[in-house]
Amino acid sequence: MQNLIASSLKYENGTLSVLDQYLLPHQQVWHECHSVETMKELIISLKIRGAPLIGLGASLLVAHLAQQGGTQAALAKAIDELEATRPTAVNLMHCMATLREALKSDDFVAAVVCSAERLFIEDIALCERMATRGAELINSGDNILTHCNTGALATAGIGTALGVIYKAQQQHGNIHVWVDETRPLLQGGRLTAFELERWQVPYTLICDNMAASLMAAGKVDKIVVGADRIAANGDFANKVGTYNLAVLAHFHDIPFYVVAPLTTLDTQTACGSDIAIEQRNSAEVRGVSGSFGEALWAPTNANVYNPAFDVTPAKLITAWVLDTGVYNKSDVESGALTALK
């Protein structure tokens with residue numbers, strides 16, 4: 001397999017390595033991954049995260065195992081196990097379905113490797129197309145609010161929603177970003193702030209519950225977020241807290257854009273209520289741990305409800321920015337998304 005290198009995932013000289021995103025921004029630690037069990041642990045613990053990147057990481061591992069002599073039966077089992085790690089993000093399922101099809105080939109090793117390489121390279125191109133289309137919606141001087149992390153750390157390319165912001169800054173300049181912390185695991189505070197600082201895009205970090213007052217004060221011009229799964233009717237699942245922003249944006253008449261590749265579109269899921277929502281470990285809400293140390297702020301036996309995602313209904317969305325185009329409500333209501341697949 002050829003060398004494939006992204007910000008937080010790389011296959012280089014026969015070794016697959018994953019940047020530990022749970023330790024960012026203060027530690028940059030790479031983990032080598034040679035087994036299904038290791039990749040499953042990396043995915044479940046969010047050391048590798050972001051809907052596109054999870055799929056790519058799993059794909060590169062399966063291709064690596066194929067080159068190491070894995071049988072069709074063993075690779076099929078690996079694909080099934082990896083696919084089951086995150087039930088909400090459809091990109092992982094898309095990648096595993098692609099490799100499952102490649103396994104049917106007589107020369108399945110070459111087919112699996114070729115498919116994994118293609119998925120990785122394709123993601124870079126998808127990110128570029130999304131960024132170019134989305135940047136046309138951004139004006140110089142805009143204050144943009146975003147949630148969670150949707151940049152180069154979450155993809156092979158420059159990202160989805162954050163890629164749009166980066167491209168707009170390159171083209172227009174004078175862009176400012178409001179960054180939600182994104183509780184409970186602070187992907188905004190740890191990762192989005194890290195990326196924007198590295199890219200020299202002006203930003204201000206806020207607690208999630210500050211967004212409403214910012215909108216009321218007229219300090220937010222647009223909201224741009226990513227997605228983990230888009231249903232056929234345009235409803236979409238994204239990091240929990242996204243729905244809050246959509247409701248607030250609707251009340252304050254602020255454009256609300258979702259940015260995602262076509263691989264995030266799941267036309268087999270009719271609407272948002274049909275999307276399986278992953279429930280995370282209760283310890284994530286009772287306290288926090290990472291490169292900054294560990295703290296427990298709730299009683300150790302506190303009951304916790306910790307869905308990783310929520311669902312935003314299509315009626316609250318201004319436009320869907322995909323690599324194939326920008327679609328408004330009328331487009332989606334007339335079946336534009338289902339026509340894409």
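**Close-up views of the predicted model**

**View 1. Asn13 is placed in the loop between S2 and S3.** The structure shown in this and the following views is a predicted model. Strand S2 covers residues 9-12 and strand S3 covers residues 15-19. Although Asn13 is not a glycine, its phi angle is positive, at about 55 degrees. The relative accessibility of Asn13 is 66%, so this residue counts as exposed, the cut-off for that class being over 50%.

**View 2. Asp253 lies in the loop between helix H9 and strand S11.** Helix H9 comprises residues 242-252, and strand S11 comprises residues 256-259. Asp253 has a positive phi of about 60 degrees and is not a glycine. With a relative accessibility of 71%, Asp253 counts as exposed.

**View 3. A cis peptide bond runs from Leu24 to Pro25.** The omega angle of this bond is near 10 degrees. Pro25 belongs to the loop that connects S3 with strand S4, the latter formed by residues 30-32.

**View 4. Arg183 and Pro184 are joined by a cis peptide bond.** Omega is about 5 degrees for this bond. Pro184 is located in the loop between S6 and H7. Strand S6 consists of residues 176-180, while helix H7 consists of residues 187-199. The two elements that flank this loop reappear in the next two views, which are centred on Asp180 in S6 and on Thr192 in H7.

**View 5. Asp180 is a buried residue of strand S6.** Asp180 has a relative accessibility of 1% and is therefore classed as buried, a class that requires a value under 20%. When residues up to four places away in sequence are left out, the contacts of Asp180 include Leu145, Thr146 and His147. Gly188 and Gly189 are also touched by Asp180, as are Leu205, Ile206, Cys207 and Asp208. Ala211 and Leu245 complete the list of its contacts. Asp180 and His147 are separated by 33 residues in sequence, yet their C-alpha atoms are 5.2 Å apart in space.

**View 6. Thr192 is buried within helix H7.** The relative accessible area of Thr192 is 0%. Outside its neighbours within four places in sequence, Thr192 is in contact with Thr146, Cys148, Asn149 and Thr150. Further contacts of Thr192 are Leu162, Val179 and Gln187. Thr146 is thus a partner of Thr192 and likewise a partner of Asp180.

**View 7. The largest nonpolar core of the chain contains 41 residues.** Leu9, Met39 and Leu60 are the members with the most contacts inside this core. At least two core residues are supplied by each of strands S2 (9-12) and S3 (15-19), and by each of helices H1 (36-44), H2 (51-67), H3 (72-83), H4 (90-102) and H5 (108-135). H2 provides the largest share, with 10 residues. Apart from this core lies another one, of 30 residues, among them Val220, Ala260, Leu265 and Trp320.

**View 8. Met39 is among the residues with the most contacts inside the largest nonpolar core.** Residues up to four places away in sequence being disregarded, Met39 touches Leu16, Val18, Cys33 and Ile48. Gly57, Ala58, Leu61 and Leu82 are also in contact with Met39.

**View 9. Val288 is found in strand S13, formed by residues 287-290.** The relative accessible area of Val288 is 15%, so this residue counts as buried. Val288 and Phe108 are 180 residues apart along the chain, and their C-alpha atoms are separated by 43 Å.

**View 10. The whole chain, with 11 helices and 17 strands, is shown as context for the close-ups.** The radius of gyration is 19 Å, close to the 20 Å that the globule rule gives for 341 residues, so the chain is as compact as a globular protein of that length. The C-alpha trace spans about 60 × 50 × 40 Å along its principal axes. Of the 341 residues, 57% count as buried. Among contacts between residues at least 6 apart in sequence, 73% join residues at least 24 apart. The exposed area of the chain is about 13,500 Å², of which carbon and sulfur atoms supply 51%. There are 24 positive and 35 negative side chains, and the centres of these two sets lie 2 Å apart.

Conventions:
Residues numbered from 1 in each chain as written. Predicted model: local features only at pLDDT ≥ 70, side-chain atom pairs only at ≥ 80, totals over all residues. Heavy atoms only, no water. Helix = DSSP H or I, 4+ residues; strand = E, 2+ residues; numbered from the N terminus. Rg over C-alpha atoms; globule rule 2.2 N^0.38 Å. Buried < 20%, exposed > 50% of the residue type's maximum accessible area, 1.4 Å probe, protein only. Contact = heavy atoms within 4.5 Å. Areas by Shrake-Rupley, 256 points an atom, 1.4 Å probe, with all protein chains shown as cover. Lys, Arg positive; Asp, Glu negative; His and termini not counted. Charge placed at Lys NZ, Arg CZ, Asp CG, Glu CD. Core = buried A, V, L, I, M, F, W, Y, C linked by side-chain atoms within 4.5 Å.
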